[in-house]
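Me: I want to go through some labels on this model and ask what backs each one. Keep the answers short.

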Amino acid sequence: PRTVPRNSVLVYPVKETTGVVSITHGDTKRLQDGEFLNDTLIEFGLKRILFMLREKEASAGIPDDASRFSSRVHMFNSFFYKKLSQKGKRTDKNGEKVENYDAVKKWTNKFDLFKKQFVVIPINEQ
């Protein structure tokens, strides 16, 4: 069973137990004119697009396998880029610190990223 934060106004996707996004009242304030979207809202939007695509493919009778477009897409959340772009302990040949691959290498343990045709890495630096 998943735990839902008390101040959540929306949890998506509803039927999933892992990888859910919890939208809070504070997140909804970011939907006002002149406000920037935060990481949570960006992740929600991307997940919604991917789940809508999966639902459309299922209703069209496309088998749940590699022939589906949605199975050839992987969407990271915006925290992936933040972790990757943080300077790590490793240095290049000039002694400069380099991106922190070690911080994200486990993010692809459960699937082969190189079998995906499309990889979406949202970048939110505000």
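Me: Where is proline 13 found?
Reply: This is a predicted model. Proline 13 lies in the loop between β1 (8–12) and β2 (21–24).

Me: What kind of peptide bond joins tyrosine 12 and proline 13, cis or trans?
Reply: That bond is cis, with omega at about -5°. Most peptide bonds are trans.

Me: Why is serine 78 called buried?
Reply: Its relative accessibility is 2%. Buried means under 20%, so serine 78 counts as buried. The residue is found in helix α3.

Me: What does serine 78 touch, leaving out residues up to four places away in sequence?
Reply: Serine 78 touches Asp39, Pro122 and Asn124. Asp39 is itself one of the buried residues of α2.

Me: How do you know that the length of helix α2 agrees with its residue count?
Reply: Helix α2 covers residues 39–59, 21 residues. At 1.5 Å a residue, the expected span is 30 Å. The end C-alpha atoms are 30 Å apart, so the two agree.

Me: Which elements do the buried residues of α2 pack against?
Reply: They pack against β1, β2, α1 (25–29), β3 (73–75) and α3 (78–85). Among those buried residues are Leu41, Leu46, Leu50 and Phe51.

Me: What phi does glycine 61 take?
Reply: Glycine 61, just after α2, has a positive phi of about 85°.

Me: Why is lysine 105 called partly exposed?
Reply: Its relative accessible area is 38%. Partly exposed runs between the 20% and 50% cut-offs, so lysine 105 fits that class. Lysine 105 sits in the loop between β5 (97–99) and β6 (118–120).

Key: Residues are numbered from 1 along each chain as its sequence is written. This is a predicted model: local features need pLDDT of at least 70, side-chain atom pairs count only at pLDDT 80 or more; totals for chains, interfaces and linings use all residues. Side-chain values use heavy atoms; hydrogens and water are left out. Helices (H or I, at least four residues) and strands (E, at least two) are DSSP runs, numbered from the N terminus. Buried means under 20% relative accessible area, exposed over 50%, partly exposed in between (1.4 Å probe, protein chains only). The expected span of a helix is 1.5 Å times one less than its number of residues. Contact means heavy atoms within 4.5 Å.
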